[in-house]
Amino acid sequence: MEEQTSQLEQSLLEEQTTNKQLKQSLLELELEMKEDSRRNQKLIEDQNKGHQEEIKRLIKKNSEILSEMERGSEYQTRVEKSMNDLAVSFEQLNEQIEFERNQRMLLEERALEQKRNSETQLATAKNENLSLSQSLREQEKTLQAIQSKLKDLENHHD
């Protein structure tokens with residue numbers, strides 16, 4: 001009887017340790033999700049800032065090209081080259097924007113998938129925790145019954 005009591009107490013301690021580990025894992029997952037979200041937001045802000053600076057630079061360059069065109073036909077060749085360069089720059093910027101948009105969508109999809117996985121893990125952990133808590137209560141009742149029987153036996157023995 002005492003051996004069964006000892007085994008039940010050991011099992012109870014192991015389940016409590018498992019519960020603590022599950023709670024710690026959940027906290028770590030939540031922190032990881034928050035950090036990923038913060039990094040994604042920072043990346044988006046950095047990309048947007050870079051685009052704004054590039055657009056300002058291109059607008060300034062376009063203004064300079066227009067000024068040169070107004071100065072006369074002797075600059076025509078240079079203006080055409082600059083316009084071509086500008087068109088290439090805009091095309092490259094559009095490609096970069098499209099690439100970054102696709103990257104951002106991939107990051108958002110990954111973040112959403114991670115969130116779904118974390119929510120699934122959280123739900124599973126909560127269910128396991130609930131099941132373990134229920135099992136723990138049942139084992140505590142069994143332990144109390146065994147201890148009560150041991151006291152009864154000791155009282156009858158005396």
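Start by selecting Glu98, which counts as partly exposed at 37% relative accessibility. The model on screen is predicted. Add Arg101 to the selection: the side chains of Glu98 and Arg101 meet in a salt bridge, with 2.8 Å from N to O. Both residues belong to helix H2, which covers residues 76-157. They are 3 residues apart there, about one turn of the helix. Arg101, at 36% relative accessibility, is also partly exposed. Partly exposed here stands for the range between the 20% limit for buried and the 50% limit for exposed.

Next, go to helix H1, residues 2-71. Select Asp46 and Lys42, whose side chains form a salt bridge at 2.9 Å, N to O. Why do these two sit about one helical turn from each other? Asp46 and Lys42 are separated by about one turn because they are 4 residues apart in helix H1. Asp46 has 41% relative accessibility and counts as partly exposed. Lys42 has a relative accessible area of 42% and is partly exposed as well.

Stay in H1 and select Glu35 with Arg39. A salt bridge joins Glu35 to Arg39, and their closest N and O atoms are 3.6 Å apart. That distance falls within the 4 Å cut-off, so the pair qualifies as a salt bridge. The two residues are 4 residues apart in helix H1, about one turn. Glu35 is partly exposed at a relative accessible area of 30%, and Arg39 is partly exposed at 42%. Now widen the selection to include Asp36 and Arg38: Glu35, Asp36, Arg38 and Arg39 are linked in a network of salt bridges. In general, side chains of opposite charge can pair when their charged atoms come close. The model's count of salt bridges comes to 8.

Keep Asp36 selected and turn to the largest pocket. How much space lies in the largest pocket? The volume is about 240 Å³. There are 14 residues lining the largest pocket, and those closest to its centre are Met33, Asp36, Ser37, Asn40 and Ala111. H1 and H2 are the elements that give two or more residues to this lining. To see the character of the lining, colour its residues by type: 5 are nonpolar, 4 are polar and 5 are charged. Asp36 therefore links two stops on this tour, since Asp36 is part of the salt-bridge network and is also among the residues closest to the centre of the largest pocket, with Asp counting as charged.

Then select Leu58, Ile65, Val79, Leu86 and Leu93. What do these residues make up? They are the 5 residues of the largest nonpolar core. H1 and H2 each supply at least two residues of this core, and H2 gives the most, with 3 residues. Membership requires a residue to be buried, so each of the five has under 20% relative accessible area. In soluble globular proteins, nonpolar side chains tend to be buried together.

For the last stop, select Gly50 in helix H1. Is Gly50 buried or partly exposed? Gly50 is partly exposed, with a relative accessible area of 31%. Add Asp152 and draw a line between the two C-alpha atoms: Gly50 and Asp152 are 80 Å apart in space. Along the sequence, Gly50 and Asp152 are 102 residues apart.

How values were computed: Residues numbered from 1 in each chain as written. Predicted model: local features only at pLDDT ≥ 70, side-chain atom pairs only at ≥ 80, totals over all residues. Heavy atoms only, no water. Buried < 20%, exposed > 50% of the residue type's maximum accessible area, 1.4 Å probe, protein only. 1 Å grid on protein atoms, 1.4 Å probe; cavity = no way out; pocket = protein on both sides within 12 Å on 5 of 7 lines; lining within 4 Å. Points joined across faces, edges and corners; volume = space filled by probe spheres on them. Core = buried A, V, L, I, M, F, W, Y, C linked by side-chain atoms within 4.5 Å.
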